[in-house]
Amino acid sequence: MPATLIDGKLLSSVLRDELRERIERVADHGYKPGLVVILVGADPASSVYVKNKIKACEDVGIYSVFEHLPATASEEELLDVIQAYNDDDSIQGILVQLPLPAHLDAHKVIEAIAAEKDVDGFHLSSVGALVTGKPLFRPCTPYGVMKMLEAHEIPLRGAHAVVVGASNIVGKPMAMLLLQAGATVTICNSKTKDLAHHTKQADILIAAVGKPNMITSSMVKPGAVVIDVGINRLPDGKLVGDVDFNSVKYVAGYLTPVPGGVGPMTITMLLTNTVEAAERACATQLASLN
Ligand SMILES: Nc1nc(=O)c2c([nH]1)NC[C@@H]1CN(c3ccc(C(=O)N[C@@H](CCC(=O)O)C(=O)O)cc3)C=[N+]21
């Protein structure tokens, strides 16, 4: 029997309905969640993602601002823009679209974002809070994956999770969330010897490498939960993940599609973090009134 599909679009629509209710509740206190998306330059893929994020905000009733800087913008200009939004009470979330042009220091730029507005979860405060077990903001992609596992009641305690890819934005925080949920976690990287040996042990396999179709059916334990975080655009324009979907679907127990899997969930968790930020700002103000 082919794998059960984990539909990120469907789950997103359920979660977005819940967000609309939370947004109405903060609206009752005179608050409207606001997100600014900052894009430097005009990379076509980034431009599409940014547009999708703005559209998603409109869809649930989050106020959004698109701040577009030229590719030649200086670090100082970008830091000034971030500072202005740090000080802007109509904005609770600040996202700087990555990757940045090479002349800008992404680390320095991310650190300039006020920690309480870091809805991407990339700031050192967010990373430290996550690792020590009191998350401030969870990075959107791993957070979305956790929601997908939860929605399908996939047991995590004592499960063996194998994360392929060790990036700061996906692999590392993904491993941390799975660990905190009680899984035994293996993290593989590009230097891992005999990758298939590790992936075949996985009850839950997370593919986050950025190589089209690299996880093949012989690398998957029968019945495993396979989460495809990859988004690779082929020369013919087709979008594929890191998992060879057509062969793995006959081996896996659960599988996420690309498109329509982790991608839409990433955006939904960005919206969730923005609403969360607005609820905290609202609670802080209510407390100061008492
Ligand atoms: N500061 C920052 N935060 C990010 O969260 C961030 C970023 N920079 N830089 C780029 C990556 C990539 N990313 C995606 C989100 C959704 C889809 C998505 O919705 N994908 C659709 C398909 C979209 C299409 O057709 O191209 C899907 O998988 O169904 C894809 C990619 C967020 N990123």
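Colleague: Which residue stands opposite Asp-228 of strand 8?
Modeller: In this predicted model, strand 7, residues 204–207, and strand 8, residues 225–228, pair in the parallel sense over four bridges. Across that pairing, the residue that stands opposite Asp-228 is Ala-207.

Colleague: Which strands are the edge strands of the open sheet?
Modeller: The open sheet has six strands with parallel pairing, and their order is 1-11-8-7-5-6. An edge strand here pairs on one side only, and this holds for strand 1, residues 4–5, and for strand 6, residues 184–188. The edge strands are therefore, by the pairing just described, strand 1 and strand 6.

Colleague: Which helix supplies the largest share of the shell around the ligand?
Modeller: The ligand is surrounded by 18 residues, and among the closest are Leu-98, Pro-259 and Thr-266. Helix 2 (44–60), strand 4 (93–96) and helix 10 (262–289) each supply at least two residues of this shell. The largest share, four residues, comes from helix 10.

Colleague: How many residues of the shell around the ligand are nonpolar?
Modeller: The shell draws at least three residues from domain 1 (32–114) and at least three from domain 2 (140–263). When its residues are divided by character, five are polar and one is charged, while the number that are nonpolar is 12.

Colleague: How far apart do the end C-alpha atoms of residues 6–120 lie?
Modeller: According to the unreviewed UniProt entry, residues 6–120 are covered by the annotation "domain: Tetrahydrofolate dehydrogenase/cyclohydrolase catalytic". In the model this span is 49% helix and 16% strand, and its end C-alpha atoms lie apart by 23 Å.

Terms used:
Residues are numbered from 1 along each chain as its sequence is written. This is a predicted model: local features need pLDDT of at least 70, side-chain atom pairs count only at pLDDT 80 or more; totals for chains, interfaces and linings use all residues. Two strands pair if DSSP finds at least two bridges between them. A residue is near a molecule or strand if its C-beta atom, placed from the backbone, lies within 6 Å of it. Ala, Val, Leu, Ile, Met, Phe, Trp, Tyr, Cys and Pro count as nonpolar, Asp, Glu, Lys and Arg as charged, and the others, Gly among them, as polar. Domain bounds come from an automatic or database domain assignment. UniProt positions are given in the numbering used here, feature names are shortened, and annotations may be inferred rather than shown by experiment.
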